[in-house]
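Thank you all for coming. I would like to take you through one structure this morning, going slowly from a helix to an aromatic pair and then to a pocket.

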Amino acid sequence: MNDVVMRQEPVELYRILKFEGWVNSGGEAKQAIAAGFVHVNGEIETRKRRKILAGDVISYRGKRCRMVL
């Protein structure tokens with residue numbers, strides 16, 4: 001798991017998937033979230049605009065990151 005430094009918080013979940021390069025576009029990120037492929041803190045998350053804060057752990061298809069300030 002790698003740490004991702006946030007410039008500010010909160011950040012919307014779909015943006016993190018996009019900026020980490022886990023998906024090719026915001027639309028693809030939103031589809032992955034809606035389909036239940038993304039976990040936040042070990043739980044399936046289907047809210048595309050879920051506000052992510054420092055300390056949250058995001059998982060997607062075997063990739064994991066922890067958000068830090």
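Let me start with helix α2, which spans residues 26–34 and whose buried residues are Gly26, Ala29, Ala32 and Ile33. When we look down the axis of α2, those buried residues fall within an arc of 120°, and so they line one face of the helix. The spacing is what one would look for, since an α-helix has 3.6 residues a turn, so that residues three or four places apart point the same way. I should say at this point that what you see is a predicted model, and I would ask you to hear everything that follows with that in mind.

What, then, covers the buried residues of α2? The cover includes helix α1, together with strand β3, at residues 38–40, and strand β6, at residues 57–60. Just after α2 the chain reaches Gly36, which takes a positive phi of about 85°.

Strand β6 brings me to the aromatic rings, where the count comes to 1 pair. The partners are Trp22 and Tyr60, whose ring centres are 6.5 Å apart and whose planes stand at 20°, and because planes under 30 degrees apart count as stacked, this pair is stacked. The pair links distant parts of the chain, with Trp22 in the loop between α1 and α2 and Tyr60 in strand β6, 38 residues apart. Are these two residues buried or exposed? Trp22 counts as buried at 11% relative accessibility, and Tyr60 counts as buried as well, at 6%.

Let me turn now to the largest pocket, which holds about 230 Å³ of space. Its lining is made up of 13 residues, and those that lie nearest the centre are Met6, Arg7, Val11, Ile16 and Phe19. By character, the lining divides into 8 nonpolar residues, 1 polar and 4 charged. Strand β1, at residues 2–5, strand β2, at 11–12, and helix α1, at 13–19, each supply at least two of the lining residues, and of the contributors it is α1 that gives the most, with 3.

I will finish with Phe19, which lies in helix α1 and is, as I said, among the residues nearest the centre of the largest pocket. Phe19 has a relative accessible area of 61%, and because the cut-off for exposed is over 50%, this residue is classed as exposed. Phe19 and Cys65, finally, are 46 residues apart in sequence, while in space they are 12 Å apart, C-alpha to C-alpha.

Notes
Residues numbered from 1 in each chain as written. Predicted model: local features only at pLDDT ≥ 70, side-chain atom pairs only at ≥ 80, totals over all residues. Heavy atoms only, no water. 1 Å grid on protein atoms, 1.4 Å probe; cavity = no way out; pocket = protein on both sides within 12 Å on 5 of 7 lines; lining within 4 Å. Points joined across faces, edges and corners; volume = space filled by probe spheres on them. Helix = DSSP H or I, 4+ residues; strand = E, 2+ residues; numbered from the N terminus. Nonpolar A, V, L, I, M, F, W, Y, C, P; charged D, E, K, R; others polar. Buried < 20%, exposed > 50% of the residue type's maximum accessible area, 1.4 Å probe, protein only. Arc of directions from axis to C-beta. Contact = heavy atoms within 4.5 Å. Phe/Tyr/Trp six-rings, centres within 6.5 Å; stacked < 30°, edge-to-face > 60°.
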